[in-house]
Amino acid sequence: MSREPQIPLSEPVGDRIEQTTCYMCACRCGINVYLRAGPDGTPQVRYIDGNRDHPVNKGVLCGKGSAGIMQHYSPARLRAPLKRVGPRGSGQFEEISWDEALDIATDWLGSVRKTDPKRMAFFTGRDQSQSLTGFWAMQYGTPNFAAHGGFCSVNMAAGGLYTFGGAFWEFGDPDWDLTKYFMLFGVAEDHASNPIKIGIGKLKARGAKVVSVNPVRTGYNAVADEWVGLRPGTDGLFVGALIHELFRTQQIDLDYLVRYTNAPWLVIDAPGTDQDGLFARDADGNPMVWDKTTETYGNGKAADIQPALTGTRTLPDGRTARPVFELMAERYLSDDYAPETVAAPTGLDAEEIRRIAAELAHVAFKEEIVLDQPWTDWAGRKHETMIGRPISMHAMRGISAHSNGFQTCRMIHILQILLGSIDCPGGFRYKPPYPKQTPPNLLPHGAAGDIKPEMPLGGPHLGFPHGPEHLLLDEDGNPSRLDKGFSWDAPMSAHGLMHMVINNAAKKDPYGIDVLFMYMANMAWNSSMNVPGTLDALTAKDENGAYVIPRIIYSDAYYSETVPFADLILPDTTYLERWDCISLLDRPISEPDMVADAIRHPVVKPDRDVRGFQEVLIDLAHRLKFPAFTNEDGSAKFPGGYPDYIVNHQRKPGIGPLAGWRGKDGTDFGTGVPNPDQLKKYVENGAFHAHHLAPEHAYFKHANRGYLDWGIAKGIRMSAEPTIFQLYSEPLQKFRLAAMGHGDRQPPERARDRITRYFDPLPFWYEPLEGTLIDTDAYPLNAITQRPMHMYHSWGSQNAWLRQITAANRLYIHTSVGASIGAKDDDWVWLSSHLGRVKCQIRLMEGVNPHTVWTWNAIGKRKGAWGLDDDAPENTEGFLLNHLISELLPKGGGGYRYSNSDPITGQAAWFDLRVAIEKAENTGATEPMFEPLGHDSQPPSSEKLAYGVQFRKQTT
Amino acid sequence: MTCLPKTTDKKLGLVIDLDICVGCHACVTSCKEWNTGGYSAPLSDFDPYGAEPDGAWLNRVHSYEIDNDHWKGTVHFPRSCLHCEDAACVTVCPTGASFKRASDGIVLVNPDTCIGCKLCSWACPYGAREYDQDDGVMKKCTLCVDRIYNETLPEEDRQPACVRACPTGARAFGDLGDPASAVSQSVEERGGFNLLEEFGYKPVNKYLPPRKGSDHAPAVPTTPAKTTGAPIEKLFAWADRALSR
């Protein structure tokens, strides 16, 4: 036998380890970056793994995060600022200096700001620093700002915040350690890649039941104990039927409803009047209930009353009113939501629905959890235990990306609340700073009258209207915002409608703009609906031959499909080279038991002339002399750039971007004067700060006296009042009353019926809009997408490792559909919608709803982008369904074309798509095939990688 | 021909839980990332941005649908070297480059003596060996031999990169020769099985089968409650009781 070679077993992994925050997706995990000197002595990334102490990922790291090295060393990275020298789309650029780039940007931005700030639209895509970018846009004074939430998951954020002051999105989590029954609706990887995986692992190990509700059985759905493969967009019917069953079998947590919700509040029943459907209120504005102890009306917010859930009452003024509970019961007990009724449209079996409802009720009420943890409720009453109903749910994009997503999301929350399972042990838990009030006390700003040259906006752009009075309109009632957010087209568009910006700007509907400024959003490709139409809009010219969108500034780290369509490129860094702040002012990394925020800091230096986008924004803010960025003597307020801003900016006295280590000596949390050593403390602590909640504050945060008071003291909560769950949402009814002709702010005629129908204060199911406006017999199938887990929410296919896992996508169809068109694996088909058609290859599968086809999204790339060769599979076989999705709905009755979005929130309805399939000739490449983008400014990509050879140690 | 040790002191290996694996590829890329700079450095990638990107990977995940007596559904199946007790890839090696360590049973390739003849990849029934075109040698799972004994790492990190990264906890590492080890216990409890048992190579790595979904169903009445009469009236009567806010 040969002698075994001696192997060096204890080589140090790197020369040093830096801890920062991942940015391979929106999950924001803590990472350890191992750096080792390369042959020339410069530190190179040897390895990245998860930070065990980090609240989000607790040490693990997903397929994206573990491939971060290839993202960092991508050949598609931009090298220096670029100025366009050829026509848009040609990819002809000239490299320029940062001085020149910033002079140009300052000139373009400054001239618009001096005349009409709304003619500059600033939309940031996968932005994780909206507390800065939004503030920057406020200081600029334009009403036109949002990030990508409008085409991502605003339905989940808005649906939750209007209902229970939290949201699935990033604002809560299942109680992974205690839940016994978990329902996962639709594609939900978005903002919780590792937490969901960790959680599912825990549930499976513990034997809790996992039910997945999804037309496609992949990923999490594949390991679920039960797969409910319903038809896309019918989740609201399924959930409605579950609610129907709970009402029918009287398995509802009535005590919970009375304590924490508006179930007993009285709703005025006075059809035709301007108060119909609003809450009956006393002289002080408090909602009225019928108090059974005193046999008279009481304040619905008061403690120690016994509010009636049933009974029609005659109010002192003679009108009648009924409690919310009765209205709900009537809605959901109707035959519309009977399991037998919903069986056909959902594709489910009525018995299965009844069984799942029975399981939910059994776990909630027969397997309740009791924690020996005393706590004090909002009214000061002490409780010895915390009682939990161990049912939890999660949903994201699969629900969100339908035009009925807001109401469906609300309906899921109603289901949770009827079971008593919001923020109780084993239920769905808030992450601080949530819950907020319902809706949050944050109104949108940017009405036409508030926009003035060189004047900041009076408040943040995005918020939560309580009624028509909070819409952002001009004197004629037209949209104030370019994306028509907070107009009658999308009254509650809490994240804006980035997906409408380019097309609206090109059509000058509602008005034209002079500068479009975008960041990290691939709007000329996979982030837009109707890609061909969007490219036309980006290159449209007026009668003088000038571009209709005259100037486009774009910041990206990579040569994406969008770069060639911009006039000025501000090259961004990778996530390992930058400062960032993941803030409580925006979207922190809190977990249910802790308040947490985080930073990124540069762990390697760029080897090229690139700058972090936020750094550039602060530079521009100084040059443009924004008031909050300029000292009284005219000098720059944050000469140290972004880190200086992170430490020293105060939104309110004592409250800044980071909550940890504030105060003179760095011992304050939440509020405190700026601490010059704050970032040093973050870096020393693994790039995050976590403040653990007291155990008595861990649950019932919406009504927990201690938590509410603590939240106010720490600056994370505005109101000492409890958050009362709005089963019945009065703001919706206010819009509806306006549509019915009441009040001084009413929608245009064309919108009256639409608002009356969809702004139902009680959640209901309706058919997704596209299906109501096209011939569904001609387009019988639903088409949806998801991204593979190893790419979800990540930025591009230039990653040499990830693309070896998925470099081309297929259209997955049910075997029965394949049989009906005589197609087998890898055959080519034409997939058509009312907008256009795409040629692609199929793969047959069993685990998909038979009426549904689906594919991996954003695999298809355009030739010339991302440093890929023209014959890369991404270019030749990869395809996008985006080409089939119209950004506008077909004309409805009034002849007006609404955005292809949720009528309430403006959420892009990606998953409403209806298609037809036919077999195509079995040759060629995907269609449509776009002209290759020029990319002369980019270096060629290497033909071989041997990353790591520089670290090799010989055996002895 | 290369000889196998008669016995090994330990049988280090992986236990992979097919009930939990969601197919996220964390184990795949963390393996690539570790090993491209570790003992096997580099794991070369040919045509990384072109038509046929093709690199050396020591661990891959396959996802497919199955429908048989035991299981119907989608399975995510991670696949890497199983460190067989009767490793044909070792006995076939003409230079002694492939070897099984007597101390812990890990099967390795010595890159200094491997001539890249590929006999081992033909001999391996599991397709677990990867020829590195650029390096001219065979690469394979090392069980992260340069991690598991690495005294410069914290003790809790001395495990293969794939196990360290796996977000769902579907992968475990340990001594399958020790019946008392956690990995052996889980194999015992869950009916862990050998891949292609009938081939007789005695793989050390084990797979845990998917659980039956029905195992997790809460006990509910088999016949759901039926109502007669108007449910809404019954509901209102039920809800009409003293409830305190």
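A residue counts as buried here if 20 or more other C-beta atoms lie within 10 Å of its own, with C-beta atoms placed from the backbone. Keep that cut-off in mind for the first stop, and remember that this is a predicted model.

**Stop 1: a helix in chain A.** Select residues 350–366 of chain A, which make up helix H11. At 1.5 Å a residue, its 17 residues should span 24 Å, and the end C-alpha atoms are 23 Å apart, which agrees. Now colour the buried positions of H11(A): among them are Ile353(A), Ile356(A), Leu360(A) and Val363(A), along with Arg354(A) and Glu359(A).

What covers these buried residues? Show strands S9 (181–185), S10 (209–213) and S21 (391–395) of chain A, then helices H7 (235–248) and H10 (339–346); the cover includes each of them.

**Stop 2: the sheet.** Stay with those strands and add S11: 4 strands of chain A form an open sheet in the order S11-S10-S9-S21, with parallel pairing. S11 (226–228) and S21 are the edge strands, each pairing on one side only. On average, neighbouring strands are turned by 15 degrees against each other, direction ignored. Zoom in on S9(A) and S21(A), which pair over 5 bridges; there, Phe182(A) stands opposite Ser392(A) of S21(A).

**Stop 3: where the chains meet.** Bring up chain B. The contact takes 99 residues from chain A and 77 from chain B. On the chain A side, helix H5 (193–206) gives the most, with 7 residues. That side has 48 nonpolar, 25 polar and 26 charged residues.

Finally, select 944–945 of chain A and 45–46 of chain B: strands S35 and S2 run antiparallel there, joined by 2 bridges. Lys944(A) has Phe46(B) as its bridge partner.

Note on methods
Residues numbered from 1 in each chain as written. Chains lettered and ligands numbered in written order. Predicted model: local features only at pLDDT ≥ 70, side-chain atom pairs only at ≥ 80, totals over all residues. Expected span 1.5 Å × (residues − 1). Buried ≥ 20, exposed ≤ 12 C-beta atoms within 10 Å, placed from the backbone. Contact = placed C-beta atoms within 7 Å. Pairing = 2+ DSSP bridges. Axes fitted to C-alpha atoms, helices over the stretch in contact; angles between N-to-C directions. Nonpolar A, V, L, I, M, F, W, Y, C, P; charged D, E, K, R; others polar.
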